[in-house]
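Q: Could you take a close look at how the helices pack against each other in this one? I'd like the residues at the contacts, and whatever else ties the parts together.

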Amino acid sequence: MNGHAANGSAVEQVNGHAAEVAAVEQAFRPAPFNVAAVRRDFPILQQQIYGKPLVYLDNAATAQKPTSVIDAISNYYLADNANIHRGVHLLSERATAAYEGAREAVRRFLNAAESREIVFVRGTTEAVNLVAHSYARPALKPDDEIVVSVMEHHSNFVPWKMACEATGARLRVVPITDAGELRMDEYERLLCDRTRLVALGHVSNALGTVNPVADIVRLAHARGIPVLLDGAQAVPHMAVDVGALDCDFYAFSGHKLFGPTGIGVLYGKAALMDHMPPWQGGGDMISSVTLEEVRYNTLPAKFEAGTPDIAGAIGLAAAIEYLNGLDRVAAAAHEAALTRYLEERLSGFPDVTLVGRAPGKAGIVSFVMSSAHPHDIGTVLDHEGVAIRTGHHCCQPLMHRLGVPATARVSFAFYNTREEVDRFVDALARVREMFG
Amino acid sequence: MSDLRELYQEVILDHHKRPRNFGPLAAANHNADGHNPLCGDRLTVHVDVADGVIRGVSFEGAGCAISRASASLMTDAVKGKSVAEAERLFEEFRQMVTSGVDQAVEESLGKLTVFCGVREFPSRVKCASLSWHTLHAALESKDTAVSTE
């Protein structure tokens with residue numbers, strides 16, 4: 001402390017302290033996110049809908065694609081297209097290198113131990129079905145149990161329901177609080193010596209709730225139970241480290257991660273997947289075939305029957321590369337600020353009720369409006385250029401639990417802006433004008 | 001904005017806010033449940049049929065403005081009509097909201113033509129026709145459930 005401050009007034013000392021705190025905060029505050037710059041990477045956003053600039057707030061359904069992803073797919077077809085593996089010509093070698101390079105990019109993205117633990121599938125749905133078919137069904141016996149939650153997307157509910165119906169096993173469902181959080185006490189209570197697998201969403205697509213996945217995995221592993229996490233709504237918003245999480249399976253879709261449709265990822269621990277029977281039969285998943293016997297290929301080819309979505313994998317790798325070039329912490333902070341701002345503005349609508357009020361939600365604001373049905377909200381908003389999703393969001397058990405037939409859902413990506421939130425709120429005022 | 005006004009015409013908004021023939025029907029001898037899985041909407045149509053004539057009709061349930069107004073206007077339109085006339089109206093209504101109809105049919109549909117704008121909104125056609133499908137199911141047989149899927 002210098003002499004001046006020591007002799008100075010109390011006010012100066014307080015101000016000096018405040019400045020110090022501000023400086024420290026500044027040093028730890030993430031750099032402001034440059035939304036204008038990222039928006040230039042997404043040409044689709046620069047268009048008019050019914051004569052008004054598009055406000056795209058349906059990112060949880062599918063995210064838009066940056067130019068680099070579109071170019072990567074286009075360039076592959078323009079210059080490198082060939083079938084992969086076993087081709088002796090240069091194009092096939094280039095295509096194989098790009099496809100396997102994409103696998104390695106996904107491995108690094110998830111921090112998986114080995115690239116053979118990355119299986120390319122069509123999307124999250126197919127990934128969950130693969131595990132249900134090749135891991136769960138062969139293991140399940142009558143009265144065995146699989147633990148899911150009431151907030152699961154149908155994709156992480158129906159495959160388990162089907163596996164249970166086929167084997168006589170039972171589905172146990174973790175309830176949620178009224179705010180939309182998992183009842184962790186109930187979760188722990190449901191884990192028992194009959195539990196064969198836990199299958200839970202990392203982030204809820206309908207509520208935005210971020211589930212405590214580290215605790216979920218730890219509690220299950222303490223009882224020797226493997227865990228599958230549905231990461232479809234998590235990877236677009238946060239860095240996911242499957243190595244640190246120690247989950248046994250992790251699934252996500254390319255198209256929600258700013259990549260193309262038709263490609264997704266199943267991460268699975270090699271120790272488990274090595275012992276799982278193949279799912280589909282065909283090319284690439286075999287090592288040899290005679291009339292008498294088929295020998296299956298090793299991981300990951302064992303689970304990739306037929307010519308895969310090569311361009312999709314290359315596009316997904318380009319999306320990951322794009323994300324790696326962003327400050328993801330700043331992007332997440334930007335999305336969180338948008339979410340808070342929207343919820344603040346909605347608090348001015350007495351006829352709006354938020355559905356899902358878990359702290360630290362991931363860029364999703366679901367709501368109902370007493371004066372208007374979600375479907376009507378969606379149609380009026382569309383005519384104001386604002387795209388949102390309305391309906392049950394493939395979560396009918398959750399809608400039933402919440403006592404609503406449907407909700408209207410805003411879902412953000414890092415390219416959304418405060419001005420877009422204002423446009424949305426203005427459009428919602430128009431809904432109230434019509435139906436209120 | 002003009003086409004949005006064509007979808008949400010004043011008559012539709014009025015029937016949405018103040019649905020006619022809404023509630024149970026004590027004398028009903030035909031009932032059916034309708035379900036639109038797209039939006040989770042469910043409605044029930046009650047009909048009292050005697051000698052091939054719809055003596056009474058009502059509906060219950062929750063839904064969007066289009067489905068509610070459509071059910072309300074439908075009950076007004078078919079009350080007192082023969083079952084055959086109601087089925088003909090259903091066919092004409094279905095045509096209007098999917099492919100469009102000529103002037104003669106428009107005249108036959110009367111007030112129901114407020115739903116002609118639905119044709120421009122493919123995602124809303126099911127909302128407008130749910131009540132009609134449900135009425136049809138109620139008339140065809142007793143106590144069944146239909147879905148727009």
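A: Here's a walk through the helix pairs, followed by the salt bridges, the chain contact and a couple of backbone details. Keep in mind that this is a predicted model.

Let's start with helix 5 and helix 12 of chain A. Their axes come within 9 Å and cross at roughly 45°, which means that helix 5 of chain A is oblique to helix 12 of chain A. The crossing of these two is left-handed. From helix 5 of chain A, the contact takes in A:Ala95, A:Ala98, A:Tyr99, A:Ala102, A:Ala105, A:Val106 and A:Phe109. Facing them from helix 12 of chain A are A:Ile310, A:Ala313, A:Ile314, A:Leu316, A:Ala317, A:Ile320, A:Leu323 and A:Asn324. Sorted by class, that contact has 14 nonpolar residues, 1 polar and no charged ones.

Both helices have a backbone oddity in a loop next to them. A:Asn111 sits in the loop between helix 5 (90–110) and strand 4 (118–121) of chain A, and has a positive phi of about 55° despite not being a glycine. On the other side, A:Leu299 and A:Pro300 are joined by a cis peptide bond, with omega at about -5°. You'll find A:Pro300 in the loop between strand 12 (294–296) and helix 12 (310–324) of chain A.

Next up is helix 13 (residues 328–346) of chain A, which packs with helix 16 (residues 418–435) of chain A at an angle of about 25°, the axes being 10 Å apart. That angle is why helix 13 of chain A counts as roughly parallel to helix 16 of chain A. Here the crossing is right-handed. Helix 13 of chain A brings A:Leu338, A:Tyr341, A:Leu342, A:Arg345 and A:Leu346, while helix 16 of chain A brings A:Arg418, A:Val421, A:Asp422, A:Phe424, A:Val425 and A:Leu428. The residues of this contact divide into 8 nonpolar, no polar and 3 charged.

Over in chain B, helix 2 (residues 10–17) and helix 3 (residues 65–78) pack at about 90°, with axes 8 Å apart. So helix 2 of chain B is roughly perpendicular to helix 3 of chain B. On the helix 2 side of chain B you have B:Val11, B:Ile12, B:His15 and B:His16. The helix 3 side of chain B supplies B:Ala65, B:Ile66, B:Arg68, B:Ala69, B:Ser72, B:Leu73 and B:Asp76. By class, the contact of helix 2 with helix 3 of chain B comes out as 6 nonpolar, 3 polar and 2 charged.

Now for the salt bridges: over all chains the count comes to 38. One of them pairs the side chains of A:Asp58 and A:Arg409, at 3.5 Å from N to O. This pair links distant parts of the chain, 351 residues apart: A:Asp58 is in the loop between strand 3 (55–56) and helix 4 (67–80) of chain A, and A:Arg409 is in strand 17 (residues 407–411) of chain A.

Finally, the two chains meet as well. On the chain B side 22 residues are in contact, with 19 residues on the chain A side. Between them, chain B and chain A bury about 1500 Å², with 57% of it on carbon and sulfur atoms. The salt bridge count between chain B and chain A is 1. In it, B:Arg124 pairs with A:Asp376, the closest N and O atoms being 2.8 Å apart.

How values were computed. Residues numbered from 1 in each chain as written. Chains lettered and ligands numbered in written order. Predicted model: local features only at pLDDT ≥ 70, side-chain atom pairs only at ≥ 80, totals over all residues. Heavy atoms only, no water. Axes fitted to C-alpha atoms, helices over the stretch in contact; angles between N-to-C directions. Helix = DSSP H or I, 4+ residues; strand = E, 2+ residues; numbered from the N terminus. Parallel < 35°, antiparallel > 145°, perpendicular 65-115°, else oblique. Left-handed = near helix turned anticlockwise from the far one by under 90°. Contact = heavy atoms within 4.5 Å. Nonpolar A, V, L, I, M, F, W, Y, C, P; charged D, E, K, R; others polar. Buried area = accessible area lost by both parts, 1.4 Å probe. Salt bridge = Lys/Arg side-chain N within 4 Å of Asp/Glu carboxyl O.
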